[in-house]
Amino acid sequence: MPRLVMKFGGTSVATVERIRNVARHVKREVEAGYDVAVVVSAMSGKTNELVSFVKDASALYDSKEYDAVVASGEQVTSGLLALALQEMNVNARSWQGWQVPILTSEVHGSARIAAIDGTSILRGFTDKREVAVVSGFQGLHQPTQRITTLGRGGSDTSAVAIAAAIQAERCDIYTDVDGVYTTDPRIVTKARRLDKVSYEEMLEMASLGAKVLQVRSVELAMMHRVPTYVRSSFDDPADPKLGTLICDEEDIMEQQVVTGIAYSRDEAQITLRNVADKPGIAASIFVPLADANINVDMIIQVVSDDTTTTDITFTVPTADYERACAVLNAHRDDIEFKDLQGATDVVKVSAIGVGMRSHAGVAARAFKALADKGINIRAITTSEIKFSVLIDSAYTELAVRTLHSLYGLDQA
Ligand code: ADP
Ligand code: ASP
Ligand code: MG
C-alpha cells in the first residue's frame with residue numbers, strides 16, 4: 001500500500017467538530033487505498049495559553065518543564081482525532097512522540113529531530129490497517145528520557161520527518177489557507193496562490209517570515225526530497241483541491257523573477273556610534289554576541305565624518321534585543337563605542353525568487369519604488385535569490401504591497 005502523511009494545524013483542529021472534519025479527510029485517503037500517518041497540532045491558541053501558564057508559574061522557567069507543559073496540547077488532539085476516526089469505523093490509535101519514538105537533541109524548546117523509528121507505525125499499517133495519529137511538535141531526548149519540543153510551528157517538521165522515515169509517497173500539510181501565496185494573504189488581498197514553489201524559494205520565504213511552514217520542515221523536505229503539498233482543511237472533504245506543491249526547481253516550467261514577498265517583525269536594530277575605526281573592531285562586537293548565542297543578521301558599517309571612527313548597524317532577533325544590549329554594554333571598554341542606539345519598531349521586508357540569479361537590477365527597482373512612497377531604508381542585505389530591506393514597522397503593509405505590485409505578483 002502507498003503511504004501518506006497528513007498534517008493538520010491548530011485552526012484545523014480547533015474544536016471537536018473541526019476534528020470530525022479532519023477525520024473525514026483522513027477517511028477519504030484510507031478509502032483511496034493509502035496507509036496514513038496523521039500529525040496534529042494543538043487546538044488553535046492552546047500552545048500560547050500553555051506558554052503563558054509556564055511564564056506565570058516561573059519567570060526564569062526550567063526549559064525541560066516548559067516542554068513537559070507545552071507538549072500536552074498535541075496529546076489532547078491526537079487522542080481526540082483517534083476517537084473521531086474510530087467513530088467513523090476507521091481503525092486508529094494515537095502516538096505520543098516518546099512512543100514512536102521520535103528522538104531529538106536536548107535543546108529544550110527548539111530541539112532538532114535526530115532519528116525516527118517508524119517500525120511500530122508500519123506494523124500498525126500491515127497488521128491492522130491502523131491509522132497512526134501522531135502528536136506533532138514533540139519528541140524525546142533519549143539519554144535523559146525527557147520530553148522535548150521542536151520550536152513554534154514544529155508540527156510541520158514532525159510531519160515531514162515522519163514522511164521521510166516511513167517513505168511516504170508525499171506529505172500533505174493542511175492549514176487555514178489553500179496553499180502558499182505570493183505573500184501573506186492576510187495582509188495583501190491581491191496575493192496569488194502558487195501551484196508550485198521550489199524547495200529553495202520556500203526555504204527562503206519561511207526563513208524570512210512566511211509562517212505557513214516551519215523553516216526546518218522545508219529543510220527536511222528538500223534534503224529527503226519529500227513532495228510536500230500545502231492545502232486547505234476547509235475544503236469539502238469529498239472534493240478537496242491539491243494546493244501548492246513544494247518541489248524541485250526543475251519541475252517548475254514558468255519562473256518569475258520574483259516569486260514571493262515575505263516580512264518579519266522579529267527584528268531589532270542596534271547602532272553603535274563612533275566606534276574606533278581599526279582592525280579587529282568587528283570581531284570585538286560580534287564575537288561576544290556569538291558567544292551569547294545571539295544571531296546577527298543584517299550588518300552595515302559606515303565611515304563617520306571624522307574618519308577615525310565609524311558607525312556600525314546590525315539586527316538581532318527581537319527576543320534577544322535586551323540581552324544583546326547588555327552584552328555590548330558589558331564589552332564597552334573593548335569595543336570603545338560612544339553611543340548605543342536601538343530600535344525595535346522595525347520590520348524586514350524581503351523579495352525571493354530564483355530568477356534573481358540571472359537578472360540584474362532586481363533590488364535596485366525596489367529601492368526606487370520604496371523611495372517613491374517615502375519609505376526610508378535603514379539597512380539592506382542581498383544574496384543569490386533574495387534581498388531584504390529593513391524599514392520602520394509602520395510602513396510594513398505599504399512596503400509589502402508596493403513590492404508585490406512592482407514585480408507583477410498581484411492577481412488580476
Ligand atoms: P497552522 O496552524 O495550520 O500551522 P499557520 O498559522 O502556522 O497555520 O500558517 C498558516 C498561515 O500562514 C496563514 O493563515 C497565513 O496568514 C500565513 N502566511 C504567511 N505567509 C504566507 C504565504 N506566503 N502563503 C500562505 N500563507 C502565509
Ligand atoms: N502547537 C505548536 C505551536 O503552536 C506547534 C504547531 O502548531 O506546529 O507552535
Ligand atoms: Mg504552523
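Q: In this predicted model, how far does a polar side-chain atom of Arg 152 lie from an oxygen atom of ligand 2?
A: The model is predicted, and Arg 152 is one of the residues that surround ligand 2. A polar side-chain atom of Arg 152 and an oxygen atom of ligand 2 form a pair whose separation is 2.6 Å.

Q: How much of the accessible area that ligand 2 has on its own does the protein cover?
A: Besides the pair made with Arg 152, an oxygen atom of ligand 2 is 3.0 Å from a polar backbone atom of Ser 155. On its own, ligand 2 has 270 Å² of accessible area, and the part of this that the protein covers is 86%.

Q: How many residues of the shell around ligand 2 are charged?
A: The residues surrounding ligand 2 include Glu 74 and Arg 152, and Glu and Arg belong to the residue types that count as charged. The shell also holds two nonpolar and five polar residues, while the number of charged ones is two.

Q: Which residues does the UniProt annotation "binding site" cover?
A: The annotation comes from an unreviewed UniProt entry. The residues it covers are spread over 28 residues of sequence, yet they cluster in space, with a largest C-alpha distance of 8.8 Å. Both appear among the residues around ligand 2, and the annotated residues are Thr 47 and Glu 74.

Q: Is Thr 47 buried or exposed?
A: Thr 47 has its place in helix α2, which runs over residues 46–57, and a polar side-chain atom of Thr 47 lies 2.8 Å from a nitrogen atom of ligand 2. Its relative accessible area is 10%. Because a residue under 20% is counted as buried, Thr 47 is buried.

Q: Why is Glu 74 classed as buried?
A: Glu 74 lies in helix α4, residues 72–87, and, leaving out residues up to four places away in sequence, it touches several others, among them Thr 47, Phe 137 and Ser 155. The class depends on a cut-off, because buried means under 20% relative accessible area. Glu 74 falls in that class because its relative accessible area is 2%.

Q: Is Asn 293 buried or exposed?
A: Asn 293 has its place in the loop between α9 (281–291) and β15 (299–303), and it touches Asp 320 and Arg 323 when residues up to four places away in sequence are not counted. A residue is called exposed when its relative accessible area is over 50%. Because the relative accessible area of Asn 293 is 67%, this residue is exposed.

Methods:
Residues numbered from 1 in each chain as written. Chains lettered and ligands numbered in written order. Predicted model: local features only at pLDDT ≥ 70, side-chain atom pairs only at ≥ 80, totals over all residues. Heavy atoms only, no water. UniProt positions renumbered as here; feature names shortened; annotations may be inferred. Helix = DSSP H or I, 4+ residues; strand = E, 2+ residues; numbered from the N terminus. Buried < 20%, exposed > 50% of the residue type's maximum accessible area, 1.4 Å probe, protein only. Contact = heavy atoms within 4.5 Å. Near = heavy atom within 4 Å. Polar contact = N/O pair within 3.5 Å; in protein donor to acceptor, adjacent residues only side chain to side chain. Areas by Shrake-Rupley, 256 points an atom, 1.4 Å probe, with all protein chains shown as cover.
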